[in-house]
Amino acid sequence: MWRNDAALMFLFLIFSMVVISDVYFFESNITSYFSPARACTKAPLSGLQNKRRCRVGYLLLEDKEKRIPFYTFKEEYRDDGIDLIKVHVNSCLADQGPFDVLVHDFTDIVRGAKSGDEKAELFLADLEDYISRHPRMVVMNPLASWRLLHDRLGAQKVAKEVVKLLNDPDITVPNRAYLETSGVENIMENLDASGVTFPFVCKSSSFLEDDNHRMTLVFGRRGLEGLDLPCAAESFTNHSGILHKLYAIGETNFVYGRPSLKNFATSDDLPNVQFSTSQVAKAHSVSPLNAGKHGEPTSQTRPVSAEKISRISEMTRRVLGSSLVGIDVIVQDGTGKHVIIDMNDFPGYHEVGTGEFQTALLQLLKTGPCSCFGSKEKKT
């Protein structure tokens with residue numbers, strides 16, 4: 001059933017390439033690498049479509065499946081001609097299919113493969129092979145976009161491309177630099193070249209690292225001494241301590257406000273501050289670094305724009321070809337600029353209710369990849 005060891009290792013290496021080189025993905029316009037999630041056509045494409053039912057395989061992290069219980073959606077989706085099939089890691093995909101659509105979040109599996117878990121390695125190789133042998137299957141969140149968004153430098157380039165295509169001076173990204181060479185002068189040269197100013201936040205370069213939520217706030221030159229490298233440095237933007245979480249499910253957007261870091265100023269007298277986003281940027285976070293439950297509104301505070309949020313969501317989905325996307329946006333004090341500070345593929349949808357997610361995903365499937373599978377379950 002499985003390929004020889006050499007072929008297996010080759011497939012796994014392709015899959016585990018999470019630190020994407022600039023040359024590989026970004027020598028030309030990023031949009032040339034991705035195509036939007038397809039909607040099937042009315043013309044017969046395969047024997048599967050002739051059955052007039054749409055088979056949707058789903059593979060979720062254990063914690064995510066607890067928050068988003070796909071198994072509870074099955075009855076309603078079945079009534080609309082869509083069969084939800086849970087994908088099991090312990091079985092060959094060919095034995096579980098065929099699938100018309102695949103919805104996945106296999107972050108933990110990739111982590112396991114990187115740690116030498118043979119079962120995870122075999123499954124990833126099998127998944128890559130299955131996708132390549134079934135080009136008509138719609139992967140709701142394409143593997144290329146998944147790889148990009150699990151590397152902070154890749155996610156940064158996606159955000160910059162989105163900003164470029166929107167061509168709106170009031171939608172932007174922070175200046176960022178990748179720091180890997182120690183020494184105050186070396187770091188300062190890198191920061192200056194990239195336009196990164198104090199204070200800045202230092203983040204791990206990959207979302208696959210166990211401590212990817214750990215960050216360091218650097219207020220001034222003094223903080224460069226002994227800075228833990230490598231890291232992705234990002235200019236900090238004062239935003240009245242309010243973070244806007246944008247969750248997209250196709251064309252349906254959900255936006256929720258969360259506590260965030262309070263406003264800070266440049267200072268060579270303050271030591272670095274280490275923090276975790278799980279402590280300062282969750283819905284109920286209460287930390288000395290927070291501005292309070294509702295932020296710290298000042299005369300400089302500006303409201304979030306629903307129109308800009310909608311455009312950011314649409315362009316991000318178009319660039320990535322992904323329908324399940326999370327985007328973190330802050331609104332800069334004074335200017336009102338909308339700053340994209342983070343992106344992720346198939347986010348947790350923590351604030352989105354189960355019923356809301358179920359309805360939005362069903363709408364996405366019915367109007368997109370399952371649109372030409374029209375047979376509904378007949379009730380007796």
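This passage describes a predicted model of the protein, from its confidence to its sheets.

The mean pLDDT of the protein is 81. A value of 70 or more is reached by 80% of the residues. Confidence varies between elements. Helix 2, residues 22–26, has the lowest mean pLDDT, at 33. Strand 5, residues 171–172, has the highest, at 96. Over residues 1–50 the pLDDT is below 50. This stretch still has 100 contacts in the model beyond near neighbours in sequence. Where pLDDT is low, the predicted coordinates should not be read in detail.

The sheet that holds strand 5 is open and has five strands. Their order is 5-14-13-10-11, and the pairing is mixed. Strand 5 and strand 11 (252–259) are the edge strands. Each of these two pairs on one side only. Inside the order, strand 13 (residues 324–331) pairs with strand 14 in the antiparallel sense. Seven bridges join strand 13 and strand 14. At one position, Ile327 stands opposite Met343 of strand 14. Helix 10, residues 152–166, packs on this sheet. Helix 10 touches strand 5 and strand 14. The direction of helix 10 makes about 130° with that of strand 14.

Ile312 sits in helix 13, which spans residues 306–320. Is Ile312 buried or exposed? Its relative accessible area is 0%, so Ile312 is buried. Leaving aside residues up to four places away in sequence, Ile312 touches Val162, Leu166, Ile171, Ile327, Val329, His338 and Ile340. One of these contacts, Ile327, is the residue opposite Met343. Ile312 and Leu165 are 147 residues apart along the chain. Their C-alpha atoms are separated by 10.0 Å.

A further set of pairings involves strand 7, residues 200–203. In a regular strand the side chains alternate between the two faces of the sheet. In strand 7, Phe200 and Cys202 lie on one side. Val201 and Lys203 lie on the other. These four residues are all buried, and both faces of the strand are covered. Strand 7 pairs with strand 8 (residues 214–218) in the antiparallel sense, over four bridges. There, the bridge partner of Val201 is Leu217. Strand 7 also pairs with strand 9 (residues 231–235), again antiparallel and over four bridges. In that pairing, Cys202 stands opposite Ala233.

Several loops show special backbone geometry. Most residues other than glycine have a negative phi, and most peptide bonds are trans. Which residues does a cis peptide bond join? Gly97 and Pro98 form one such pair, with omega about 5°. Pro98 is found in the loop between helix 6 (93–96) and strand 3 (101–104). A cis peptide bond also joins Phe198 and Pro199, with omega about -10°. Pro199 belongs to the loop between helix 11 (184–194) and strand 7.

Positive phi values occur at Phe346, near 45°, and at Tyr349, near 50°. Neither residue is glycine. Phe346 is in the loop between strand 14 (338–345) and helix 14 (354–367). Tyr349 lies in the loop between strand 14 and helix 14 too. Where do their side chains stand in terms of burial, buried or exposed? The relative accessible area of Phe346 is 2%, so Phe346 is buried. For Tyr349 the relative accessibility is 3%, so Tyr349 also counts as buried.

Technical notes:
Residues numbered from 1 in each chain as written. Heavy atoms only, no water. pLDDT = per-residue confidence, 0-100. Contact = heavy atoms within 4.5 Å. Buried < 20%, exposed > 50% of the residue type's maximum accessible area, 1.4 Å probe, protein only. Pairing = 2+ DSSP bridges. Axes fitted to C-alpha atoms, helices over the stretch in contact; angles between N-to-C directions.
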